[in-house]
Amino acid sequence: MSHSLSLSHQCYLQTLPPISHNASFTCHHTPPQKANGSRRSPKLYIACARGNNRASTPNKDDYHSTLKALNSKGRSPRKSLGQNYMLNSDINEQLVGVAGVEEGDVVLEIGPGTGSLTDTLINSGAFVLAVEKDKHMAALVSERFSSTQKLKVLNEDIVKCHVRSHISSLYGNTKEIDSDNRKAKVVANIPFYISTDVIKLLLPMGDIFSEVVLLLQEETALRLVEPSLRTPEYRPINVFVNFYSDPEYKFKVERTNFFPQPNVDAAVVSFKLKQPSEYPYVSSSKSFFAVVNSAFNEKRKMIRKSLQHICTSLEIEEALESIGLLSTSRPEELTMDDFVKLHNLITKE
Ligand SMILES: C[S@@+](CC[C@H](N)C(=O)[O-])C[C@H]1O[C@@H](n2cnc3c(N)ncnc32)[C@H](O)[C@@H]1O
């Protein structure tokens, strides 16, 4: 099989800037108020993208081996599938470290690509369920790890995948998996274009996953974790994220760590999933999110106007005042807890 570089790969070789091997620390100050209404302790949480600071770690998935793997299948990265491969195994180790992956854990990986993160997960002792949409990459990663029983690859689109049944059958069919109360985890370098779909799919699965650790576009990461009230970035997805999880921005990942290099930087976010018994009390989550979405439909409108299909503006004003808010409040002024209280008051029979 020829491993000579194709024309498109040669172009990448010429245009790829050198990969940073230096430590890159980024500090983020906590915002004054989180959108769920809570305040964080005033600690600095340090972004710990350390770069390749462990000279002894052999980087199996560097630029040349990634090209070689792609070339072995005659593939070049597909933009439409968000194929930006990770070239820095230290970052994979940090991702796995953030999720606290231990021997015997079951991990869902979305988009294994050439298998660089998969390798780190398997080396940490995890059983990996990898869902890959690109059939060529699914074949490549299956072949790479053909000698281990610790990987199951599904050639599927994660957005349409029956994650719950695949995870349960993995627990049921693998004797080595210790299922005594341990929940599965999600660790993935996902294509940016499916970030919202993945979050909507996985965050309500607190009954099977304890933690979802994702490498996201940095701007998306900040919007999901750090939105301040009364800003245009505050949206229904923030209420959703805080309803189902406790999100935390972990560290920034410079764009130079990927091949091909994207136009934006990335960041790792950990979503600690709430168990269903910990969700805020609402009579129905469907009705709750319908109220939140209606309130945001016309963001500049006062809530007493945008929720008039549910009850009269006078009733909405009274409900807002009874939870300590102005009767003229707009959606971007309400925390997740405020929305829960408002929903429960205005949907009461
Ligand atoms: C950003 S790359 C990450 C690859 C690898 N995990 C890494 O870190 O180098 C995203 C991967 O997700 C795959 N992918 C894209 N859309 C997908 C989808 N809807 N479902 C599952 N995999 C998808 C791509 O083919 C690609 O392999």
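**Reading helices and rings**

Author: Welcome! This is a predicted model, and helix H9 passes helix H10 in a right-handed crossing.

Reader: Thanks! At what angle do the axes of H9 and H10 cross?

Author: Angles over 145 degrees count as roughly antiparallel. Here the axes cross at roughly 150° and come within 9 Å, so H9 and H10 are roughly antiparallel to each other.

Reader: Which residues make the contact?

Author: On H9 they are Pro 236, Val 239, Phe 240, Phe 243 and Tyr 244. H10 brings Ser 285, Phe 288, Phe 289, Val 292, Asn 293 and Phe 296.

Reader: I see many rings there. How many aromatic pairs does the structure hold?

Author: Twelve aromatic pairs. Planes over 60 degrees apart count as edge-to-face. One such pair is Tyr 234 with Phe 296, at 5.9 Å centre to centre and 70° between the planes. This pair links distant parts of the chain: Tyr 234 sits in the loop between H8 and H9, and Phe 296 is in H10, 62 residues apart.

Reader: Are Tyr 234 and Phe 296 buried or exposed?

Author: Tyr 234 is buried, and so is Phe 296. Now try Tyr 244 and Tyr 279: their ring centres are 4.9 Å apart and the planes stand at 90°, so this pair is edge-to-face. Tyr 244 belongs to H9, while Tyr 279 lies in the loop between strand E11 and H10, 35 residues apart. Tyr 244 and Tyr 279 are buried.

Reader: Which residues form one aromatic cluster?

Author: Tyr 244 and Tyr 279 join Phe 240, Phe 243, Phe 288 and Phe 289 in it.

Definitions and conventions: Residues numbered from 1 in each chain as written. Predicted model: local features only at pLDDT ≥ 70, side-chain atom pairs only at ≥ 80, totals over all residues. Heavy atoms only, no water. Phe/Tyr/Trp six-rings, centres within 6.5 Å; stacked < 30°, edge-to-face > 60°. Helix = DSSP H or I, 4+ residues; strand = E, 2+ residues; numbered from the N terminus. Buried < 20%, exposed > 50% of the residue type's maximum accessible area, 1.4 Å probe, protein only. Axes fitted to C-alpha atoms, helices over the stretch in contact; angles between N-to-C directions. Parallel < 35°, antiparallel > 145°, perpendicular 65-115°, else oblique. Left-handed = near helix turned anticlockwise from the far one by under 90°. Contact = heavy atoms within 4.5 Å.
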